[in-house]
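Here is a set of questions and answers on a protein chain, meant to be read alongside the sequence and the structure shown below.

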Amino acid sequence: MTMPVPERNSGSGVKEEESEDESEILEESPCGRWQKRREQVSQGNVPGIETASLAMDTEEGVEVVWNEVQFSDKKVFKTLEDKIKEMFENLMQVDHPNIVKFHKYWLDMREGRARVIFITEYMSSGSLKQFLKKTKKNHKTMNVKAWKRWCTQILSALSYLHSCDPPIIHGNLTCDNIFIQHNGLIKIGSVWHRLFVNVFPEAVHGNVQHHRNDKRTMHFFAPEYGLTEDDPAIDIFSFGICALEMAVLEIQANGDTVVSSEAIVHAGQSLEDPLMREFIQSCVRPAANLRPTAHNLLFHRVLFEVHSLKLLAAHCFINNQYLLPENCVEEKTKSIDPSGIMAEIKHRGRPGVQLKYSHVSPLELDKFLEDVKNGIYPLMNFASQRPHLVPRALSLTQEHTETGVKTPTPEPQEMETRKVVQVHCNLESIDEGTRSHLSIFLKMDDKLHRHISCDVQPTDSPKDLANELVHYAFICEEDCERMTGFLQDAWAKHWSTDRGSSDPTAVAN
């Protein structure tokens, strides 16, 4: 609701009223969790999306992006409904710390309109393009360490997409849809654009292929783009241009709208570091078959380094966090004598080097672990190239989607996508030797807490209970096997010992 404005109003009053207008709730999701605001946001050049508005996630209390895709013909929309649901369900399975998170979607056919609405993560710190412009405006140069860290994160995301079975091609990678957070975390967005370009471009309002004709970003697309079937090599070319822009801050177009190939060559030659120059040139080779893969680029001399024991240990800790109590780092550091020797290097004929616990700051350690968990320091150099069996539909070309056999797609169900990072389980006896009361406390990866309780018997199956938790969207399917094992352990401890002589409580992170 707009507040009345007095005849004489200060500048701050006008700004306050504008802020109230922008925060006005225009629409809610069917479940009431997502609330669309008037304020529109720019999250990169995303084909087919006519509006992107700021929204509020009322469950988590965070801002998200409300994206809308309008369809021209309601009948056509109806015929594509199953395919739309299938592809959006697949999109929700794309999970990588350096890819913008896809939260939820739903279809709306009320009031004679046909549209798809989907909720994505809001990148509040802006795009890489904006950051580079600000850096150049302040007459600063790009820090080489930051450039390497950014390249590693982008390649980490591309390697994940390309290792899916079949590969997912981004196809629209520019500095406009690469986002940088205040802590240095890089995320690539617009992964879902292929849904609009390759599956139903003619059915959507507006021209979803406008990005191919956008002169500002034409230099990001490989020479073969649009002429042959999409291949991971087109993403490598786009990445090479992004890496070049990150290094030089801006590729000069000499007053032209289009950045020419000569301008790209000149920008590459201006790089002083020969390894950096060779790295970028290998990505933008005209022949697609000569470009390296994202996985191989992570082994290039300009990026590859032997990871420190600290980083390897941090990744090991994060990957096995479910085995440890929630505050184990804090409790461990409290119990350690600061003057104690953590490690020692001995030398012959000269004094050795002692590393004490006092040399490590608990606060710095917590921040480092959080950065590793968020994906700022990926260990992609050691990643195997096993395929990720996710989003098959995203990889279909237009030709395949037109001629392929349609398979029935079940109605999408409410499923939990967040992962469990901590479990606390408690079993208390109720009846003599028959029933017990089970309490499960869950902490999700977004810090949401859940408390679930029910009465159980010794004959109840932990596997069936875990499957019920998945069915009723308390946990995601990936956590089912781990939850089964955890419940089995709790079952064995509780019913194999005398009541009162054992601790029925179990904790896992």
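Q: Into how many nonpolar, polar and charged residues does the lining of the second largest pocket divide?
A: The model is a predicted one, and in it the second largest pocket, with a volume of about 870 Å³, is lined by 23 residues. Sorted by residue type, this lining divides into 16 nonpolar, four polar and three charged.

Q: Which helices each supply at least two residues of the lining of the second largest pocket?
A: Among the lining residues, Lys310, Met342, Tyr357, Val360 and Leu365 lie nearest the centre of this pocket. The helices that each supply at least two residues of the lining are H11 (309-319), H12 (328-335) and H13 (362-374).

Q: Is glutamine 153 buried or exposed?
A: Glutamine 153 lies in helix H5, which spans residues 144-162, and beyond its neighbours within four places in sequence it is in contact with Asn98, Gly184, Leu185, Ile186, Gly375, Ile376 and Pro378. Because buried means under 20% relative accessible area, and glutamine 153 has a value of 0%, this residue is buried.

Q: In which helix of the chain is confidence lowest?
A: The mean pLDDT of the chain is 77, and 78% of its residues reach 70 or more, while over residues 383-412 pLDDT stays under 50, although the model has 51 contacts beyond four places in sequence for them. Where pLDDT is low, the predicted coordinates should not be read in detail. Confidence is highest in helix H7 (residues 232-248), at a mean of 94, and lowest, at a mean of 40, in helix H14 (residues 398-403).

Note on methods. Residues numbered from 1 in each chain as written. Predicted model: local features only at pLDDT ≥ 70, side-chain atom pairs only at ≥ 80, totals over all residues. Heavy atoms only, no water. Helix = DSSP H or I, 4+ residues; strand = E, 2+ residues; numbered from the N terminus. Buried < 20%, exposed > 50% of the residue type's maximum accessible area, 1.4 Å probe, protein only. Contact = heavy atoms within 4.5 Å. 1 Å grid on protein atoms, 1.4 Å probe; cavity = no way out; pocket = protein on both sides within 12 Å on 5 of 7 lines; lining within 4 Å. Points joined across faces, edges and corners; volume = space filled by probe spheres on them. Nonpolar A, V, L, I, M, F, W, Y, C, P; charged D, E, K, R; others polar. pLDDT = per-residue confidence, 0-100.
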